[in-house]
Structure formats: structure tokens, C-alpha cells
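Student: Could you take me through one part of this model closely, and then place that part within the chain as a whole? I would like a single connected account.

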Amino acid sequence: NDTIPFMTLYYHVNASGRQVDKEIQFYTNKSKQFYQITADRSQTSLKNISATNRIISSKQDGKNQSYVASGVPLCTKLDFPGIRNFSPIGKYGKIISAELRVRPFRASYIKNAPLPQTLNIAMVNEANELGSLLADRQNNSLTGNLRVDQLNYKNTYYTFDITSYLNNKLNSTYNDNSSLAIIIPNSELATTVKRLVIGDSKSAYEDDRIQLEIQYSTYIGEN
């Protein structure tokens with residue numbers, strides 16, 4: 001079957017004092033195949049990441065970049081340490097809309113290294129363990145689909161509505177130390193090799209920075 005991928009092994013045997021060339025084809029079979037993807041990060045910005053050192057700051061190497069990848073999975077963790085003290089909103093205010101806009105870092109994606117078409121956002125606990133996918137106000141899993149502008153890279157981005165998440169943190173009666181993680185969908189983690197480079201809030205180019213846009217209402221009571 002020409003539509004099924006296979007690997008050909010060429011070998012030879014000795015028969016009656018002469019060499020006989022042979023070959024054999026191994027066709028893919030989900031119940032028998034095995035593959036493994038490994039990464040050598042020793043000469044990269046992620047050289048210090050390991051099983052015991054799972055978190056590296058985007059500021060660590062001076063590039064102010066973070067990464068999301070499949071194949072050798074990487075995710076970008078997002079913290080919102082100041083949201084409980086978001087002073088413009090006041091005591092009785094509320095976030096109406098919170099849009100997270102994730103822009104790929106300029107020149108980080110090319111034809112042979114395409115961007116993921118879809119991203120998810122997952123909850124992260126204090127032990128840096130991934131939890132459930134974040135849901136929107138209709139309780140659907142949040143999905144960021146890639147929008148591409150071939151003429152202006154500024155308009156190439158993913159967006160996420162994280163309004164409910166931030167309002168929950170804002171109104172929490174306990175010290176909510178949860179975080180978020182930008183990840184490639186689980187169905188693609190082990191079957192694709194894709195990557196995304198994200199500029200953090202201190203990235204050299206403002207147009208490459210991850211951005212959170214908040215619209216809010218506030219109440220001013222009588223004196």
C-alpha cells in the first residue's frame with residue numbers, strides 16, 4: 001500500500017561463500033511502532049531547565065522571551081500578582097472585559113517552522129502542576145485561534161477572554177495563588193513539533209509584547 005509510511009532496512013547475509021543483499025520493509029502499525037523525541041538545550045536560552053528546575057524566568061537570559069512547544073513540551077506560565085490590588089477598580093468595581101493578546105515574536109516563525117493554529121490556557125497550582133483548561137463565561141474551554149496578517153505582523157496574534165478568571169481572583173476571599181499556562185492542545189503535544197516564541201512585558205519591541213487589555217466599571221459612592 002503506497003499510502004502507508006514504511007522504513008526499509010538494507011542488509012546482507014553470507015550464503016555459500018558469497019554475499020547476498022536483502023531488504024525488508026517495516027510498515028507503521030499503531031500497536032507496534034515506537035518513537036521518541038528528545039531535545040538538546042545545552043546551547044539555548046533554556047539550558048538550565050530540568051526535571052528539578054522546571055520554571056525559568058523570561059528575564060533570565062536578557063531576551064525577555066518565553067516559549068510554547070509540542071514534541072518536547074514547553075508552556076508559558078502567566079502570573080497576575082497585582083490583580084487583587086488593582087486600584088482603578090475600587091472596592092465595588094468589576095472587570096467587564098479582559099482580553100489576553102498573545103503575539104508571536106517577530107522573525108520567530110518561518111515556512112518550515114509554522115505557528116500552532118490553536119492554543120489553550122490551563123490552570124496552574126502552587127506546585128506548578130497543570131490542571132483543567134480555563135473556561136469562558138459559557139463554561140466552554142478557552143481556545144485561542146491564530147489570526148494571521150501577511151502584510152502587518154502586528155496583527156498576527158491569538159486572543160483569550162480571561163474575564164471570568166480575573167474577576168474570580170479579584171473577588172476571592174482567600175489568597176488565590178493560581179496561575180495560568182499557555183499550552184498547545186493535548187491532542188498535538190506528542191504528534192506534532194510546533195513552537196511559539198512570546199515576548200514578555202519588557203521585550204525590546206513593544207509590538208511583540210504579550211498584552212492584557214482590561215475594561216472595567218467602578219462605583220463612586222456618596223461622600
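**Helix H1 and its surroundings**

Tutor: The buried residues of H1 pack against strand E5 (94–102), strand E6 (118–124), strand E9 (158–161), strand E10 (179–183) and E12. This is a predicted model, and what follows should be read with that in mind. Helix H1 itself covers residues 163–171, and its buried residues are Thr163, Tyr165, Leu166, Asn167, Lys169 and Leu170, a list in which Lys169 appears alongside Leu166 and Leu170.

To place the helix, it helps to follow the chain from its start. The protein chain holds 2 helices and 12 strands, and in sequence order these run β-β-β-β-β-β-β-β-β-α-β-α-β-β. Of the contacts between residues at least 6 apart in sequence, 67% join residues that are at least 24 apart.

One of the strands that H1 packs against, E12, spans residues 211–217 and is joined to strand E11 (195–199) by a loop that contains Asp207. Leaving out neighbours within four places in sequence, Asp207 is in contact with Arg103, Arg106, Tyr153 and Lys154. With a relative accessible area of 28%, Asp207 counts as partly exposed, because that class lies between the 20% limit for buried and the 50% limit for exposed residues. Asn53, which is 154 residues away from Asp207 in sequence, lies 30 Å from it in space, C-alpha to C-alpha.

A further feature involves the beginning of the chain, where Met7, Leu9, Tyr11, Val13, Ile24 and Phe26 make a nonpolar surface patch of about 520 Å². Strand E1 (6–15) and strand E2 (18–27) are the elements that give two or more residues to this patch, and E1 provides the largest share, with 4 residues. Tyr11, which lies in strand E1, is partly exposed at a relative accessible area of 34%; Tyr11 can therefore belong to the patch, since patch residues need over 30%.

As for the chain as a whole, the C-alpha trace spans about 105 × 35 × 35 Å along its principal axes. The radius of gyration is 24 Å, whereas a compact globule of 223 residues would have one near 17 Å. Buried residues make up 31% of the 223 residues, and the chain exposes about 15,300 Å², of which carbon and sulfur atoms supply 48%.

Terms used:
Residues numbered from 1 in each chain as written. Predicted model: local features only at pLDDT ≥ 70, side-chain atom pairs only at ≥ 80, totals over all residues. Heavy atoms only, no water. Buried < 20%, exposed > 50% of the residue type's maximum accessible area, 1.4 Å probe, protein only. Contact = heavy atoms within 4.5 Å. Patch = residues over 30% accessible without salt bridge, like charges linked within 9 Å, V, L, I, M, F, W, Y side chains within 5 Å. Areas by Shrake-Rupley, 256 points an atom, 1.4 Å probe, with all protein chains shown as cover. Salt bridge = Lys/Arg side-chain N within 4 Å of Asp/Glu carboxyl O. Rg over C-alpha atoms; globule rule 2.2 N^0.38 Å.
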